[in-house]
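Subject: Handing over a structure

Hello,

Here is the structure I promised to pass on to you. Please have it open while you read, and my notes on it follow below.

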Amino acid sequence: MTKSKTPELSGHLGPLHPAGLLQSIAMGKLTGMLKVDDGPNLIVVHFDFGSLTHARMGKLKGQRAIRSFVLDWTRGLFQFFDGSRVEKLPEDCAIKKPLDKLLLDCFNEATDGNKKTGQVTVRMKVLDDKLAANVANYLKCSFCGKSKDEVKKLVAGPNVYICDACIRNCDELMDEP
Ligand SMILES: [Zn+2]
């Protein structure tokens, strides 16, 4: 790898969920390379005008790398480098599915796991306001589509977002006999 210049964007996962980070870059229509390092693992993801094109995490390539990133990662340092100065990943790391579809697959997998235990438990975490606002003004509720700025509170799940109004609606549905 050539000596990189200052990344365009950098920060920490934790307050920001991996899915939110990927969505932010996609919505920002960025072109370049995302690197996330949590110590033992390093994932590299390439974007072309907001579309995921390639990904690799150790031996995991393409969609499998994204799946592991979205479902398993909770912390790490991320950096995004502008497209004009990045090396391309090999073709076997290519991603064909759009990000929305990938995230939906991950979400279905996560909720299937919970159904087996008879409970649909969604682990939720409130986004850190400062960091989220930095890169993700355009984060949206996965259920009603309202952006972070249109709702009082947006809560991040393992791979989705839900707003305060939709949480209330869900609660009412659950209370119905
Ligand atoms: Zn909503």
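Which residues are buried in helix 2? In this predicted model, the buried residues there are A65, I66, F69 and V70. Viewed along the axis of helix 2, they fall within an arc of 125°, so they line one face of the helix. The general rule behind such a pattern is that an α-helix has 3.6 residues a turn, so residues three or four places apart point the same way.

Let me step back to the whole chain. The protein chain has 5 helices and 9 strands, and along the sequence they come in the pattern β-α-β-β-β-β-α-β-α-β-α-β-β-α. Of its 177 residues, 33% are buried. If you take the contacts between residues at least 6 apart in sequence, 60% of them join residues at least 24 apart.

Next, the sheet. Six of the strands form an open sheet in the order 1-6-2-3-4-5, and the pairing is antiparallel. Its edges are strand 1 (9-12) and strand 5 (60-61), each of which pairs on one side only. Helix 2 packs on this sheet, where it touches strand 3, strand 4 and strand 5. The direction of helix 2 makes about 80° with that of strand 4.

Strand 6 is a good place to follow the pairing residue by residue. Strand 1 and strand 6 run antiparallel and are joined by 4 bridges. L9 has F80 of strand 6 as its bridge partner, while G11 has F78 of strand 6. Strand 2 is also antiparallel to strand 6, with 6 bridges between them. Here L34 stands opposite F80 in strand 6.

Now for the interior. The largest nonpolar core has 31 residues, and those with the most contacts inside it are I25, L34, I43, L52, A55, I66 and F69. Two or more residues come from each of helix 1 (18-27), strand 2 (32-37), strand 3 (42-48), strand 4 (51-57), helix 2 (63-72), strand 6 (77-82) and helix 3 (99-115). A55 makes a handy starting point for a look around: leaving out residues up to four places away in sequence, A55 touches I43, V44, V45, G62, A65, I66, C93 and I95. Apart from the largest core lies another one, of 7 residues, including L154, A156, Y161 and I162.

What about helix 5, and how many of its 12 residues are buried? The count is 0, and helix 5 is hardly covered. This helix takes in residues 164-175 and reaches 17 Å from its first C-alpha to its last, close to the 16 Å expected at 1.5 Å a residue.

One last residue to look at is F49, in the loop between strand 3 and strand 4. Its phi is near 50°, a positive value in a residue other than glycine. For background, most residues other than glycine have a negative phi. Is F49 buried or exposed? F49 is exposed, because 11 other C-beta atoms lie within 10 Å and the cut-off for exposed is 12 or fewer.

I hope you enjoy exploring the model.

Best wishes

Terms used:
Residues are numbered from 1 along each chain as its sequence is written. This is a predicted model: local features need pLDDT of at least 70, side-chain atom pairs count only at pLDDT 80 or more; totals for chains, interfaces and linings use all residues. A nonpolar core is a set of buried Ala, Val, Leu, Ile, Met, Phe, Trp, Tyr and Cys residues joined through C-beta atoms within 7 Å. A residue is buried if 20 or more other C-beta atoms lie within 10 Å of its own, exposed if 12 or fewer, and partly exposed in between; C-beta atoms are placed from the backbone. Two residues are in contact if their C-beta atoms, placed from the backbone, lie within 7 Å. The expected span of a helix is 1.5 Å times one less than its number of residues. The arc is that of the directions from the helix axis to the C-beta atoms. Two strands pair if DSSP finds at least two bridges between them. Axes are lines fitted to C-alpha atoms, for helices over the stretch in contact, and angles run from 0 to 180 degrees between N-to-C directions.
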